[in-house]
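The following questions and answers examine the architecture of one protein model. Please consult the sequence and the coordinates alongside them.

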Amino acid sequence: MPSTALAGIRVLDLSRVLAAPLATQMLADLGAEVIKVERPGTGDDSRTYGPPFAAGTDTAAFYLSCNRNKLSITVNHATAEGQELIRALAARSDVLVENFRAGTLAKYGLDQESLRELNPRLVYLSVTGFGQTGPYAERPGYDGIFQAMSGMMSVSGHPEEPMKVGVSMVDILTGLYASTAVLAALRHRDISGEGQFIDLSLLDCGLASLSHFAMNYLISGQVPRRRGNGGYGGIPSQAFMCADKPLFLVAGNDKQFAAFCAAAGRADLLQDERFASTSARITHREEILPVLEAILRTRTRDEWLTVLDEHDVPAGPFNEMPEVFADPQVRHRGMLVEVEDPVSGRMPMLANPIRFAATPVEGYGPPPGLGEHTAEVLGRLAGVTEERFSQLRGWGVV
């Protein structure tokens, strides 16, 4: 039995920045051998996206967030010799991931048609801003642009101001879609013997992530309103200010709302036909919210959290980062891990949240130094001798 879920799978990672590197990091966490191909001298753009930088290095925390458990090699794909090296590696890989602009790699004979002709079992994933087809296919783009274009910003923020989600949410969601797509394609490959091409667009993923917001619009024709920290589910489902600090409260069904009323000593609310059911509370949102706001301001946040927990009403505090990592549940779940980095020493990292019973995610390795594994990987998989390696380095190929 393999010790990891993806033991024996090799991924050739030609991607940089965030969305696609997050996908390949997920595959690496699950046990795949991921070989990250970077530009000689400069590497992945995100290595410079600091400060902050890892102690004693010029490697940005941004890069560290999505490149652990990988091997780094440097190859100049713009040279004929570099292209031959990448072909040799692709011939011995299960998956290739790239996020160059549509059509770029075809100029070098590294497009999916060329490499899948060389290796028909290859799963070739291309992550681009707008996809391989359509009027915008050749445009560049970044997360904020896709949050705006997909409609994500239109439903985020306060009524008077659309707002970007703080984290690079479209990149992160695209990374998750990408890793799922690769796993499905590997399953198909195992059955059929054939790899396939995966065309993944950040704009598509951003739109798909609107989920019930988009479906509400498609069914009703009504444009969703921005509600700040308010949700679109049951009422209440939003942030409330208590006597001292805010909390987030959700009573997503009638049972939970009744429990909230009991916790608040306001059983009378259940007798009001405007508030007696989930649909009624949604219809009379503007009437019930001021009532709830006044109730929540009568006690401190911690007092409310205690009494709401006693009545099994979902609620939680707004945590800043220090509070997040000090939270006893977060600590119990092991979401903060430390890895030993040869340069910066002990390096804290977010853990992978997947908990397997049979093939656990463990043995975290630090993100690699630029080109750290070039000689070893090219010697093992491309037959490059020490003499040839020195020659290629002198030419600026590696």
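Q: In which sense do strand S1 and strand S2 pair, and which residue of S2 is the bridge partner of Asp13?
A: In this predicted model, S1 (residues 10-14) and S2 (residues 33-38) are joined by four bridges. Their pairing is in the parallel sense. The partner of Asp13 in S2 is Lys36.

Q: Which strands stand at the edges of the six-stranded open sheet?
A: The strand order of this parallel sheet is S3-S2-S1-S4-S5-S8, with a twist that averages 20° from one strand to the next. An edge strand pairs on one side only, and this holds for strand S3 (70-74) and strand S8 (197-201). The edges are therefore S3 and S8.

Q: What angle does the direction of helix H6 make with that of S8?
A: Helix H6 (residues 169-192) packs on the six-stranded sheet. There H6 touches S4, strand S5 (123-128) and S8. Its direction and that of S8 make an angle of about 165°.

Q: Which residues have the most contacts inside the largest nonpolar core, and how many residues has the second core?
A: Nonpolar side chains tend to be buried together in soluble globular proteins. Here the largest such core has 42 residues, and those with the most contacts inside it are Ile9, Val11, Ala32, Val95, Leu125 and Val182. One of these, Ala32, is in contact with Leu6, Ile9, Val11 and Leu27, its neighbours within four places in sequence being left aside. A second, separate core includes Ile35, Ile73, Val377 and Leu381, and its residues number 26.

Q: At what angle do the axes of helix H3 and helix H15 cross, and how many residues of their contact are nonpolar?
A: The axes of H3 (residues 80-90) and H15 (residues 374-382) come within 9 Å and cross at roughly 65°, and the crossing is left-handed. H3 contributes Leu85, Ala88 and Leu89, while H15 contributes Val377, Leu378, Leu381 and Ala382. No polar and no charged residue takes part in this contact, and the nonpolar residues number seven.

Q: Is helix H1 largely enclosed or exposed?
A: A residue counts as buried under 20% relative accessible area. In H1 (residues 19-29), 11 of the 11 residues are buried, including Thr24, Gln25 and Asp29. H1 is therefore largely enclosed by the rest of the structure.

Q: Why is one side of strand S9 and of strand S11 left without a neighbour in the sheet?
A: Three strands form an open antiparallel sheet in the order S9-S10-S11. S9 (237-241) and S11 (315-317) stand at the edges of this sheet. One side of each lacks a neighbour because each has a single partner strand.

Q: Which residue of S10 is the bridge partner of Ala239, and which helix lies across S9 and S10?
A: S9 and S10 (residues 246-250) run antiparallel and are joined by five bridges. Ala239 has Phe248 as its bridge partner in S10. The helix that lies across S9 and S10, running at about 45° to S9, is H11 (residues 285-296).

Q: Is Ser344 buried or exposed, and with which residues is Ser344 in contact?
A: Ser344 is found in the loop between strand S12 (336-341) and strand S13 (345-350). Its relative accessibility is 18%, so Ser344 counts as buried. Leaving aside neighbours within four places in sequence, its contacts are Ala54 and Ala55.

How values were computed: Residues are numbered from 1 along each chain as its sequence is written. This is a predicted model: local features need pLDDT of at least 70, side-chain atom pairs count only at pLDDT 80 or more; totals for chains, interfaces and linings use all residues. Side-chain values use heavy atoms; hydrogens and water are left out. Axes are lines fitted to C-alpha atoms, for helices over the stretch in contact, and angles run from 0 to 180 degrees between N-to-C directions. Helices (H or I, at least four residues) and strands (E, at least two) are DSSP runs, numbered from the N terminus. A crossing is left-handed if the near helix is turned anticlockwise from the far one by less than a right angle, and right-handed if clockwise. Contact means heavy atoms within 4.5 Å. Ala, Val, Leu, Ile, Met, Phe, Trp, Tyr, Cys and Pro count as nonpolar, Asp, Glu, Lys and Arg as charged, and the others, Gly among them, as polar. Two strands pair if DSSP finds at least two bridges between them. Buried means under 20% relative accessible area, exposed over 50%, partly exposed in between (1.4 Å probe, protein chains only). A nonpolar core is a set of buried Ala, Val, Leu, Ile, Met, Phe, Trp, Tyr and Cys residues joined through side-chain atoms within 4.5 Å.
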